[in-house]
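Trainee: I'd like to go through how the two chains here fit together. Can we take it step by step?

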2 protein chains.
Amino acid sequence: VVAELRAGIVATGSELVAGRIADANGPWLAQRLGELGVEVPYLLSVSDRRDELAAALTFLADAPVGLIVVSGGLGPTADDLTAEVVAAFAGAELVLDEAMESTIAEILASYAARMDLSAEALRVANRKQAMVPRGALALQPVGTAPGLVVRRAGGPLVVVLPGPPRELQAMWPAALAAPEMASLLAGVRPFGAVSLRFFSLPESEITATLTELGERLDLSPLEITTCQRRSELEVDIRFRPGAEAVSEALVDGVIDRHRKQLVSTDGTTTDEQVAALLTGRRIGLGESCTGGLVTARLTDRPGSSDYVAGGVVAYSNDAKVSLLGVPAELIERHGAVSPEVARAMADGARKRFDADIGCSVTGVAGPGGGTPDKPVGYVCFCVTTADGGVLAREVHLRGSRAEVRERSVDVAMHLIRRAASRTTPS
Amino acid sequence: VVAELRAGIVATGSELVAGRIADANGPWLAQRLGELGVEVPYLLSVSDRRDELAAALTFLADAPVGLIVVSGGLGPTADDLTAEVVAAFAGAELVLDEAMESTIAEILASYAARMDLSAEALRVANRKQAMVPRGALALQPVGTAPGLVVRRAGGPLVVVLPGPPRELQAMWPAALAAPEMASLLAGVRPFGAVSLRFFSLPESEITATLTELGERLDLSPLEITTCQRRSELEVDIRFRPGAEAVSEALVDGVIDRHRKQLVSTDGTTTDEQVAALLTGRRIGLGESCTGGLVTARLTDRPGSSDYVAGGVVAYSNDAKVSLLGVPAELIERHGAVSPEVARAMADGARKRFDADIGCSVTGVAGPGGGTPDKPVGYVCFCVTTADGGVLAREVHLRGSRAEVRERSVDVAMHLIRRAASRTTPS
């Protein structure tokens, strides 16, 4: 595997290194660069101080990488130092870009009027944001901060983008189109990639399979990574052009051994499959311990109103009875967390929402509420369909309240997928 | 501000630098270290390859930092190289820890039996995970991987923890208790810290306030960071002992200027405030565009079953009518996204769930479904209380479908907070 272009990504912000928020830009940029065939060996978050950003840039230049993408620190506040540090790194003076100053002034004028803000505070911010390293290309602001494309002589190309993810993502096409960036990327050949997803498959089993296949296949041209994403195991295979055959042989071998747990071979997520399977149908949800998370997950997707009729979060027993039609005596006899009540909740949700599919979750999310019989992590699921199909599951999940809830959502999504693939739209 | 102990955090994993998952361990560790008074200038994610992890360790040793915490790469697969690279960094040979091998074997025996796994695959994994740099302290496994505490002679202390967040977090107390770690931390004085939270306050307004206050106060002993977290602006002030008075003066000045938007002065989140205010009461939700996210957010918290009666996700108009009792003619006359329907949904949720407070959200999350009158991002909210209180809001939110939904949840939480602070429990 020959690395053709390597890039480093630096996210700036004291709130990142303090751990108060997770960096969203690094992973997003890494994905975009990976799609283009650029290898990203390093993602860094550094505090807002001059020295740390400067040290990070030097580290990456020495690594060496050919491209550095920096996010954040372009704002109006005193701790926004990125333009200044990048200018010093590139050996260029910081100068006022007058055209950019007017552009920003225009953007701010309408903003100030709309938000009823102090025009003076905005004017000061304005000037600072229009300071650009001499010789750099300034990218048109999406918010109020321009992006920058700066070359360090004999070193990497540096692309600077604003910190707010929405602005950064909106500016990315302009960064790619910048002449220096375009010519850097022109020679890069995209990787080949295959992504396999499995449900309920322990990582040690995949390891054994890869070891076994490695005895008869030369896997060295492949970069294989396995990654547990909650209840799904993702196996990613990336390779330079020329290694298609061995990749294919590996994929066949892996699928052959773990077909029962296979979710997809094209990187499709369970959510995408569920959305496709539900097209032309309607689903109704009855949730207890997941508190609306299953319905929220289904309605994440644009267009989901075509197939999500709705859901009831029946946290209290009264609500299970009055809103989902669960017989009170069923709750009394078996308890609110029981396969019997799960079944009644699924049927109730399906009927109340006049849907084709009903899905329910009831369990003990913890940390309190567990009993010897029904400990924290015990969760019952049921999916019923209008044609009489029933798919039920009882599981014992480990982890914190948040983990039990999250994993319950995963299990529910998989059951919906299985139930929906069994039946055809009415 | 004198830095007493600086630490660098390195998360390993090709899935991290590929951007396929966001690093959860770095932020968590940074918060824990920050609470202890340790400054964290760098968070790094590196790929699974030897050279990148080695380069990252060298970079941090040269920075210099006195402590490096590494997460991940302790697993059984071939790309798990952390122990080996850290051993080389510390100049120590990797040796089999026989006691640890038996410990791991015991853990795996019960796991293999429970999961019906190949004992042979697990045995191979076992031996690899028991290899420890000579002279290092091995920390008891939480999953199957032991942690490591290793000193590089004349350099930083390196603590290695497993990658799965649950295992890493569970092992943290043992890492802190390790003799070398304990003596390193013994001399560190915790920072003073104040955290202010505001709702609906633009960052530029805070900047202006800080500039103004900086003209009459010497703010140099304070480290001030501002951070927009969706609709809340967090202003964090951190300082070494001795700067309490200036911190207090700054806090007073900021609060004085932005009292109306203040959420809390003790770092309390809106969610915590809402939970406290709802104690002794019951809330019912009626959601449309948020698809269950408000109910899910409220039920995130342990003990929320005491005050969350439940919620209805009424995605379809039929469901609004049948499950929330919204008059069909109201939807016909004003549309499903209207203040009138929001009011009826809130009342309906309150009554259906026999609750004291009802809250509703109905809006156009997009990307489709917008009209000139009611564009994407137009969202109506209503909170009604049993004593006749009504709090209504119409907003125009910017951003993607996910952003509109997320921000709608924030607005709903703030309205619930306001409504609940107006009334007293019945």
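Mentor: Sure, and one term before we start: a polar contact is a pair of N or O atoms within 3.5 Å, where within protein one must be able to donate a hydrogen and the other to accept it. Keep in mind that this is a predicted model.

Trainee: How many residue pairs are in polar contact across the interface of chain B and chain A?

Mentor: Counting pairs with both residues at pLDDT 80 or more, the rule finds 36. On the side of chain B that touches chain A, strand β2 (residues 39–46) gives the most, with 8 residues. That side of chain B divides into 25 charged, 22 polar and 39 nonpolar residues. So, for the polar contacts you asked about, the number of residue pairs is 36.

Trainee: How many salt bridges does the rule find across the interface of chain B and chain A?

Mentor: Take one pair as a worked case: the side chains of E52(B) and R6(A) meet with N to O at 2.9 Å. The cut-off is 4 Å, so that pair counts as a salt bridge. Across the whole interface, the rule finds 12.

Trainee: Which residue stands opposite L43(A) in β2(B)?

Mentor: Strand β2 (residues 39–46) of chain A is joined to β2(B) by 5 bridges, and the two run antiparallel. In β2(B), the residue opposite L43(A) is S45(B).

Trainee: How are the two copies related?

Mentor: A turn of 180° with a shift of 0.1 Å along the axis lays chain B on chain A, with an RMSD of 0.1 Å. The copies are thus related as by a two-fold rotation axis.

How values were computed
Residues are numbered from 1 along each chain as its sequence is written. Chains are lettered from A and ligands numbered from 1 in the order in which they are written. This is a predicted model: local features need pLDDT of at least 70, side-chain atom pairs count only at pLDDT 80 or more; totals for chains, interfaces and linings use all residues. Side-chain values use heavy atoms; hydrogens and water are left out. Copies are superposed by least squares on the C-alpha atoms of residues with pLDDT of at least 70 in both. A polar contact is a pair of N or O atoms within 3.5 Å; within protein, one must be able to donate a hydrogen and the other to accept it, and residues adjacent in sequence count only if both atoms are side-chain atoms. Helices (H or I, at least four residues) and strands (E, at least two) are DSSP runs, numbered from the N terminus. Ala, Val, Leu, Ile, Met, Phe, Trp, Tyr, Cys and Pro count as nonpolar, Asp, Glu, Lys and Arg as charged, and the others, Gly among them, as polar. Two strands pair if DSSP finds at least two bridges between them.
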